[in-house]
Amino acid sequence: MIVSIEELGKTSLYPEIINTITRGDASAAELQILAAEELVKSYLTRYDLTAIFGDGDTAPTYNSELVKKCVKIIASYYLVRLANPNVDLELFRKDYEDCLTLLADIRDGKNDVSLPYAQDDPETPEDESNPSASWSSNPKRTNHF
(Lines give C-alpha, C1' and ligand atoms only; values in the text may rest on other atoms or scores of the structure.)
Protein backbone atom coordinates (compact mmCIF):
# COMPACT_ATOMS: atom_id res chain seq x y z
CA MET A 1 0.00 0.00 0.00
CA ILE A 2 1.31 3.44 -0.87
CA VAL A 3 -0.90 5.06 1.77
CA SER A 4 -0.92 3.93 5.38
CA ILE A 5 -3.75 4.34 7.87
CA GLU A 6 -1.59 6.77 9.86
CA GLU A 7 -0.95 8.90 6.76
CA LEU A 8 -4.66 8.87 5.95
CA GLY A 9 -5.32 10.02 9.53
CA LYS A 10 -2.89 12.92 9.18
CA THR A 11 -4.13 14.27 5.85
CA SER A 12 -7.73 13.29 5.11
CA LEU A 13 -9.72 12.07 8.11
CA TYR A 14 -8.94 12.52 11.78
CA PRO A 15 -7.64 9.31 13.39
CA GLU A 16 -10.51 9.26 15.88
CA ILE A 17 -13.02 9.41 13.01
CA ILE A 18 -11.28 6.49 11.26
CA ASN A 19 -11.28 4.59 14.55
CA THR A 20 -14.98 5.30 15.09
CA ILE A 21 -15.97 4.30 11.56
CA THR A 22 -13.96 1.07 11.61
CA ARG A 23 -14.82 0.40 15.27
CA GLY A 24 -11.15 -0.02 16.05
CA ASP A 25 -10.54 -2.60 13.30
CA ALA A 26 -7.49 -1.50 11.30
CA SER A 27 -8.10 -4.17 8.66
CA ALA A 28 -11.37 -2.45 7.67
CA ALA A 29 -9.47 0.76 6.89
CA GLU A 30 -6.77 -1.19 5.03
CA LEU A 31 -9.42 -2.83 2.84
CA GLN A 32 -10.80 0.58 1.88
CA ILE A 33 -7.29 1.85 1.05
CA LEU A 34 -6.61 -1.24 -1.08
CA ALA A 35 -9.92 -0.77 -2.89
CA ALA A 36 -9.04 2.87 -3.56
CA GLU A 37 -5.62 1.86 -4.91
CA GLU A 38 -7.23 -0.66 -7.26
CA LEU A 39 -9.61 2.00 -8.57
CA VAL A 40 -6.72 4.40 -9.22
CA LYS A 41 -4.77 1.62 -10.93
CA SER A 42 -7.69 0.98 -13.26
CA TYR A 43 -7.37 4.55 -14.55
CA LEU A 44 -3.57 4.54 -14.83
CA THR A 45 -2.98 1.33 -16.80
CA ARG A 46 -0.76 3.04 -19.38
CA TYR A 47 1.78 3.85 -16.66
CA ASP A 48 4.24 1.60 -14.86
CA LEU A 49 2.02 0.45 -11.99
CA THR A 50 4.79 -1.56 -10.34
CA ALA A 51 6.97 1.55 -10.12
CA ILE A 52 4.09 3.65 -8.76
CA PHE A 53 2.38 1.14 -6.44
CA GLY A 54 4.92 -1.67 -6.03
CA ASP A 55 3.73 -5.23 -5.71
CA GLY A 56 3.87 -7.99 -3.12
CA ASP A 57 7.64 -8.40 -3.49
CA THR A 58 8.91 -4.91 -4.34
CA ALA A 59 8.33 -1.48 -2.90
CA PRO A 60 7.31 1.43 -5.14
CA THR A 61 10.25 3.10 -6.86
CA TYR A 62 8.40 6.27 -7.88
CA ASN A 63 6.69 8.59 -5.41
CA SER A 64 3.77 10.65 -6.72
CA GLU A 65 2.00 12.83 -4.18
CA LEU A 66 -0.82 13.41 -6.67
CA VAL A 67 -1.53 9.68 -6.94
CA LYS A 68 -1.32 9.35 -3.15
CA LYS A 69 -3.79 12.21 -2.73
CA CYS A 70 -6.25 10.52 -5.11
CA VAL A 71 -5.95 7.27 -3.15
CA LYS A 72 -6.53 9.15 0.12
CA ILE A 73 -9.61 10.96 -1.23
CA ILE A 74 -11.16 7.77 -2.59
CA ALA A 75 -10.31 5.77 0.54
CA SER A 76 -11.78 8.54 2.72
CA TYR A 77 -14.96 8.49 0.69
CA TYR A 78 -15.19 4.71 1.01
CA LEU A 79 -14.65 4.97 4.77
CA VAL A 80 -17.21 7.74 5.20
CA ARG A 81 -19.76 5.66 3.31
CA LEU A 82 -19.42 2.97 5.99
CA ALA A 83 -20.66 5.33 8.68
CA ASN A 84 -21.11 9.07 8.83
CA PRO A 85 -20.10 10.38 12.27
CA ASN A 86 -19.54 14.15 12.27
CA VAL A 87 -18.55 14.29 8.60
CA ASP A 88 -20.07 16.26 5.73
CA LEU A 89 -20.69 13.50 3.18
CA GLU A 90 -21.33 15.93 0.31
CA LEU A 91 -17.86 17.44 0.72
CA PHE A 92 -16.29 14.00 0.38
CA ARG A 93 -18.57 13.12 -2.55
CA LYS A 94 -17.46 16.24 -4.43
CA ASP A 95 -13.77 15.45 -3.77
CA TYR A 96 -14.39 11.88 -4.95
CA GLU A 97 -16.02 13.02 -8.19
CA ASP A 98 -13.26 15.58 -8.82
CA CYS A 99 -10.64 12.90 -8.27
CA LEU A 100 -12.29 10.52 -10.73
CA THR A 101 -12.49 13.32 -13.31
CA LEU A 102 -8.79 14.04 -12.82
CA LEU A 103 -7.90 10.35 -13.23
CA ALA A 104 -9.99 10.13 -16.39
CA ASP A 105 -8.23 13.20 -17.81
CA ILE A 106 -4.84 11.66 -17.03
CA ARG A 107 -5.93 8.38 -18.63
CA ASP A 108 -7.18 10.15 -21.76
CA GLY A 109 -4.04 12.28 -22.08
CA LYS A 110 -5.82 15.58 -21.36
CA ASN A 111 -3.78 16.18 -18.21
CA ASP A 112 -0.10 15.37 -18.41
CA VAL A 113 1.59 14.22 -15.23
CA SER A 114 5.11 13.00 -14.66
CA LEU A 115 4.40 9.31 -14.11
CA PRO A 116 6.60 6.55 -15.54
CA TYR A 117 5.13 4.76 -18.55
CA ALA A 118 4.86 1.00 -18.69
CA GLN A 119 7.79 -0.92 -20.16
CA ASP A 120 7.48 -2.30 -23.68
CA ASP A 121 6.69 -6.02 -23.80
CA PRO A 122 8.68 -7.55 -26.68
CA GLU A 123 6.17 -10.42 -26.87
CA THR A 124 3.41 -8.14 -28.17
CA PRO A 125 3.25 -6.27 -31.50
CA GLU A 126 2.29 -2.95 -29.83
CA ASP A 127 4.74 -0.54 -28.26
CA GLU A 128 3.35 -0.12 -24.72
CA SER A 129 6.18 2.22 -23.74
CA ASN A 130 4.86 5.11 -25.86
CA PRO A 131 1.09 5.29 -25.45
CA SER A 132 0.95 8.94 -26.46
CA ALA A 133 1.43 8.00 -30.11
CA SER A 134 -1.81 6.78 -31.59
CA TRP A 135 -3.52 6.91 -34.93
CA SER A 136 -6.92 6.44 -36.43
CA SER A 137 -8.77 7.29 -39.60
CA ASN A 138 -12.16 8.51 -40.65
CA PRO A 139 -14.71 5.98 -41.86
CA LYS A 140 -14.45 5.13 -45.52
CA ARG A 141 -16.45 7.57 -47.59
CA THR A 142 -19.07 6.24 -49.95
CA ASN A 143 -20.33 8.54 -52.67
CA HIS A 144 -23.82 8.08 -54.08
CA PHE A 145 -24.75 9.60 -57.44
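Two aromatic pairs are present in the structure, which is a predicted model. In one of them, the ring centres of Y77 and Y96 lie 4.4 Å apart and the ring planes meet at 25 degrees, so that this pair is classed as stacked, given that planes under 30 degrees apart fall into that class. Because Y77 belongs to helix α5 (residues 65–82) and Y96 to helix α6 (residues 89–107), the stacked pair ties together parts of the chain that are 19 residues apart in sequence. Both of these tyrosines, Y77 and Y96, are buried.

The rings of Y78 and Y96 also form a pair, with centres 6.2 Å apart and planes at 55 degrees, and this pair is therefore tilted. Here too distant parts of the chain are linked, with Y78 in helix α5 and Y96 in helix α6, 18 residues apart. Y78 has a relative accessibility of 12% and therefore counts as buried, and Y96, at 12% relative accessibility, likewise counts as buried, the cut-off for this class being under 20%. Through these ring pairs, Y77, Y78 and Y96 are joined into a cluster.

Helix α5 also contains K68, a lysine whose relative accessibility of 15% places it among the buried residues. When residues up to four places away in sequence are left out of the count, K68 touches I2, V3, E7 and N63.

Terms used. Residues numbered from 1 in each chain as written. Predicted model: local features only at pLDDT ≥ 70, side-chain atom pairs only at ≥ 80, totals over all residues. Heavy atoms only, no water. Phe/Tyr/Trp six-rings, centres within 6.5 Å; stacked < 30°, edge-to-face > 60°. Helix = DSSP H or I, 4+ residues; strand = E, 2+ residues; numbered from the N terminus. Buried < 20%, exposed > 50% of the residue type's maximum accessible area, 1.4 Å probe, protein only. Contact = heavy atoms within 4.5 Å.
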